[in-house]
Amino acid sequence: MGGIIWVESEEGKGSSFNFKIPFRAKKSIVHQEIHPIPHITLVGKAVLIIDDDSESRQLTCFICSDIGMNVVAVVSFAALREISTHRMYDGLKVDVILLGLGRIDRGLGAVVRSIKEVKALEAAKIIALCSEPRKGDAQSARDEDIDGYISKPYTKDTLTNVIATALGDARPDGPIATRHLADELSCKGMRVLLAEDNSINIRLMEIVLQNLGCDFDVVQDGKAACNALKIKDYDVVLMDVHMPVMNGLDATRQIKEKINPRVPIIALTAAALQEEKAKCSAAGMVDIVIKPVRIDELRAKLQAWGNPQGSPIAGQNVTCRIDGEYW
């Protein structure tokens, strides 16, 4: 199999048998089958919020409204029975149900079945928001036909990523969408332009971006980066500071002034000096990644600045109904 095997032995102590086989790592089947929807397409998606905690209901409503989703109603569990008869659901198709729970228990299955009996809700993805998380909750939720699971407290980014992941999962069953799975898939499909002239660094970055699931193009100088942005839209640019023909700082200034002022540009540099950071910021770069690049750091930077297919529209004037009142 193209590998090696050897033994290390010492009389009276024992033997150690070792082998190495060169396998090529591949992405898991789960990662290949789930395609989180672009965050921008969450705008207008219909969401129903069910929670007995009034403060939690309002907070979840405000977050969903800020994402740009259409909050059709915010109700308590006691009001669930009204859903099947309420006229506001006539002709409506709800995309996501956010189910605020204390803990995952055996009664959850009955709740889910009652929700699925309503025609407007039968195709909705159900995401449990649990305030008393316990080990094994995610699997228990999956057993009760829940599509996503988040423990409280959670951030806007976490909720956005889990909703996008759940809506991008067309499988009839399989692992539930959690914050960890959503985090791993959050860069999938992100359009990245890499501007780098060093061949070794290019190869390293290609491997990292492939592992993150990004769609990327590579150019080797600042002028080529400017030309690439004239013909194609990118979610984020990774710009080496020191390149031939046109350096990264000059390229950034030209992009911001004449080509695309909205695209986030992240500097790639081996210099962690404060002076270097100040130059990058003055040129219009939003952040810095220090070489050698670590995959976890790059993932975090891409998540912060490069939402797939564009950032969600915030500040929408969305009306949501909370306990009979409209906000």
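**Exercise 1. Which residue forms a salt bridge with glutamate 196, and how far apart are the closest N and O atoms?** Work out also where the two partners lie in the chain.

Solution.
- The model is a predicted one.
- The partner of glutamate 196 is lysine 291, with the closest N and O atoms 2.8 Å apart.
- Glutamate 196 sits in the loop between E9 and helix H8 (199–212). Lysine 291 sits in the loop between strand E13 (287–290) and helix H12 (295–305). The pair therefore ties together parts that are 95 residues apart in sequence.
- Buried means under 20% relative accessible area. Glutamate 196 has 1% relative accessibility, so this residue counts as buried.
- A network of salt bridges links Glu196 and Lys291 with Asp240.

**Exercise 2. Describe the salt bridge of aspartate 235 and compare it with that of lysine 119.**

Solution.
- The side chain of aspartate 235 meets that of arginine 191 in a salt bridge (3.0 Å, N to O).
- This pair links distant parts of the chain, 44 residues apart: aspartate 235 is in the loop between helix H9 (222–231) and E11, and arginine 191 is in strand E9.
- Aspartate 235 is buried, at 6% relative accessibility. Arginine 191, at 22%, is partly exposed.
- Lysine 119 forms a salt bridge with glutamate 122 (3.9 Å, N to O).
- Here lysine 119 is exposed, with a relative accessible area of 69%, and glutamate 122 is partly exposed at 42%.
- The cut-off for a salt bridge is a side-chain nitrogen of Lys or Arg within 4 Å of a carboxyl oxygen of Asp or Glu. By this rule the count comes to 17 salt bridges.

**Exercise 3. Establish how strand E11 is covered and which strands pair with it.**

Solution.
- Strand E11 spans residues 236–240, and five of its five residues are buried.
- In a regular strand the side chains alternate between the two faces of the sheet.
- In E11, Val236, Leu238 and Asp240 are on one side, with Val237 and Met239 on the other; all are buried, and both faces are covered.
- Strand E9 (residues 191–195) pairs with E11 in the parallel sense over four bridges. In E11, methionine 239 stands opposite alanine 195.
- Strand E12 (residues 265–269) also runs parallel to E11, joined by four bridges. Aspartate 240 stands opposite leucine 268 in E12.
- Between E11 and E12 the chain passes through helix H10 (residues 248–259), and the β-α-β crossover is right-handed.

**Exercise 4. Which residues of H10 are buried, and how are they arranged around the helix axis?**

Solution.
- The buried residues are Gly248, Leu249, Ala251, Thr252 and Ile255.
- Looking down the axis of H10, these residues fall within an arc of 165 degrees, so they line one face of the helix.
- An α-helix has 3.6 residues a turn, so residues three or four places apart point the same way.
- Glu257 and Lys258 are exposed on the other side of H10.

**Exercise 5. Is phenylalanine 19 buried or exposed, and which residues make the nonpolar surface patch?**

Solution.
- Phenylalanine 19 is in strand E2 (residues 14–20).
- The cut-off for exposed is over 50% relative accessible area. Phenylalanine 19 has 59%, so this residue is exposed.
- The patch is made by Met1, Ile5, Phe19, Ile21 and Phe23, with an area of about 660 Å².

Note on methods: Residues are numbered from 1 along each chain as its sequence is written. This is a predicted model: local features need pLDDT of at least 70, side-chain atom pairs count only at pLDDT 80 or more; totals for chains, interfaces and linings use all residues. Side-chain values use heavy atoms; hydrogens and water are left out. Patches are made of residues with over 30% relative accessible area and no salt bridge: like charges are joined within 9 Å, nonpolar side chains (Val, Leu, Ile, Met, Phe, Trp, Tyr) within 5 Å. Accessible areas come from the Shrake-Rupley method with a 1.4 Å probe; for residues, only the protein chains shown count as cover. Helices (H or I, at least four residues) and strands (E, at least two) are DSSP runs, numbered from the N terminus. Buried means under 20% relative accessible area, exposed over 50%, partly exposed in between (1.4 Å probe, protein chains only). Two strands pair if DSSP finds at least two bridges between them. A crossover is right-handed if, with the strands pointing away from the viewer, the path from the first strand over the helix to the second runs clockwise. The arc is that of the directions from the helix axis to the C-beta atoms.
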